[in-house]
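Trainee: I should like to go through the terms used for this model and see how each is justified.
Mentor: Then let us take them in turn.

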Amino acid sequence: MDNTKPENTKLENQVIIFLGAPGAGKGTQAARLATEHNLLQISTGDILRDHIARGTELGQRVEPIMKQGHLVPDDVLVSMIGEKLQTLEPVRVIFDGFPRTLAQAEALDQMLLQNGTPLNSVLLLEVPTEELIARIVNRGISSERSDDNETTARARQQVYHDLTQPVVEHYRKQGLVQALEGRGSTNEVYARILEAVQTPA
Ligand code: AMP
């Protein structure tokens, strides 16, 4: 065995970002990829919802913002992710729901650079808007999320278009984006994701 390079690449730093509009399937797919590839899924939406559920100061602050489908201020997210990254060694993460603005993407670039951690893949799940709205409304039947209703779903799509689309362009310029068809069964989409992570852009 060649001891100069670790055989077990599982221990190497790895960062994957899932991009896609609300309802595109990021959470479901990121959770599966994380479990099967020994990565930590960091879902900023889940972290924020947990704060709301626990009634923390941050939770109380972000609850009305999230309910309307608006974005929580960048400084909150950037320090949340910065603190989290400092606790990880190695850094093996899938970001699901972050970065969502250009400012967040630039802050993440800096953090990864300082850490010497490469950004391996940016996967963009593409689903037409009307299907996304239908998925979210359907999810709302069981999710009990205050933002899973048609009015807020439409607001969230608009926010994605205005504030998160520039993030896609930011990574596209770096040649990192792999756009994937997000329609189809969960297994079909997952197969596309696996192929993409095995052949980075
Ligand atoms: P998600 O579960 O990813 O759809 O996020 C639900 C809500 O949490 C969003 O509509 C925002 O209000 C908030 N949120 C999650 N991630 C971020 C982020 N990176 N930046 C700002 N707000 C966020």
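The exchange below treats ring geometry, burial and the ligand.

Mentor: This is a predicted model, in which local features need pLDDT of at least 70, side-chain atom pairs count only at pLDDT 80 or more, and totals for chains, interfaces and linings use all residues. Residues are numbered from 1 along each chain as its sequence is written, and side-chain values use heavy atoms, with hydrogens and water left out.

Trainee: The structure holds one aromatic pair; why is the pair of Phe95 and Phe98 called tilted?
Mentor: Rings of Phe, Tyr and Trp (its six-membered ring) pair if their centres lie within 6.5 Å, and planes under 30 degrees apart count as stacked, over 60 as edge-to-face and the rest as tilted. The centres of Phe95 and Phe98 are 5.6 Å apart and their planes stand at 50 degrees, so the pair is tilted.

Trainee: What makes Phe95 buried?
Mentor: Buried means under 20% relative accessible area, exposed over 50%, partly exposed in between (1.4 Å probe, protein chains only). Phe95 has a relative accessible area of 0% and is therefore buried; Phe98, at 0%, also counts as buried.

Trainee: Which polar side-chain contacts does Arg49 make with the ligand?
Mentor: A polar contact is a pair of N or O atoms within 3.5 Å. A polar side-chain atom of Arg49 lies 2.9 Å from a ligand oxygen, and for Arg145 the distance to a ligand oxygen is 3.3 Å; both are polar contacts.

Conventions:
Polar contact = N/O pair within 3.5 Å; in protein donor to acceptor, adjacent residues only side chain to side chain.
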